[in-house]
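Subject: Handing over a structure, with notes

Dear colleague,

I am passing on the structure below, and I would be grateful if you could look it over alongside the notes that follow it.

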Amino acid sequence: MGIIGDSLDKAAANTATRPIPKSAGAQIRFLVKHEKGSTRTVAQRLGISQRTVERYLTGQIKRPRPDLAAKLAAEVRKDWQPRVRERAKRQAATSTGLVIETRARFGFTAAPGTSDDERIRRITQHLPPEYAARLFDAQAAGAADSQLQAVVAEGLQEQYFKDGGRRARGLLVEFTDIDYVELDY
């Protein structure tokens, strides 16, 4: 996934109302329960053997290697509190919208004679619900990161640079060289 998709996933994980299980055994038990008892599927998700998953379940192994611990926590976060995530997404897509903070290079296509050279800007902007809905729909449809970037660029163009249609008619924004993007809803 790209930078926008990862930011959407991180924002969804931040909507959780309870922390993920702390111990490796509890995390493995959660994943096995989520996968309807299939230790093989959990092993494939984590890149370990099925027997190792079974050892965590019985308590024979208690502390994972640091790389496995990080992978385990990431996999648990993906599936943690799905109804809470969906409720937050639905609310963002229908009423609250989302907030984007980014540092990237913004270039403009504007009327001749203007001095809108591209430069790096740090922007924090609220985007209305229609842009949140478009982002969520595109992510669910498996859109490439360039398509997600286009939605974000259009939202920033309309809300930040054109100020909701009050200025800079005909301005087209290019959103490139992204340093970071953080989304919150």
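A residue is called buried here when its relative accessible area is under 20%, exposed when it is over 50%, and partly exposed in between, with a 1.4 Å probe and protein chains only. Helices (H or I, at least four residues) and strands (E, at least two) are DSSP runs, numbered from the N terminus. Please bear in mind that this is a predicted model, in which local features need pLDDT of at least 70 and side-chain atom pairs count only at pLDDT 80 or more, while totals for chains, interfaces and linings use all residues. Residues are numbered from 1 along each chain as its sequence is written, and side-chain values use heavy atoms, with hydrogens and water left out.

The protein chain has eight helices and three strands, which follow one another from the N terminus as α-α-α-α-α-α-β-β-α-α-β. Its radius of gyration (taken over C-alpha atoms) is 21 Å, well over the 16 Å that the globule rule (2.2 Å times the number of residues to the power 0.38) gives for 185 residues, so the chain is more spread out than a compact globule. Of those 185 residues, 41% count as buried.

Most of my notes concern helix H2, which covers residues 24–34. Eight of the 11 residues of H2 are buried, so this helix is largely enclosed by the rest of the structure; among them are Ala24, Phe30 and Val32. The cover over the buried residues of H2 includes H3, helix H4 (50–58) and helix H5 (66–79), where contact means heavy atoms within 4.5 Å.

One residue of H2 is glutamine 27, which counts as buried because its relative accessibility is 7%. Leaving aside residues up to four places away in sequence, glutamine 27 touches Ile20, Pro21, Lys22, Leu72, Ala73 and Val76.

H2 also packs against helix H3 (residues 39–46) at an angle of about 120°, with the axes 8 Å apart, the axes being lines fitted to C-alpha atoms over the stretch in contact and the angles running from 0 to 180 degrees between N-to-C directions. That makes H2 oblique to H3, since angles under 35 degrees count as roughly parallel, over 145 as roughly antiparallel, 65 to 115 as roughly perpendicular and the rest as oblique. On the H2 side, Ile28, Leu31, Val32 and His34 meet Thr39, Val42, Arg45 and Leu46 in H3.

With best wishes
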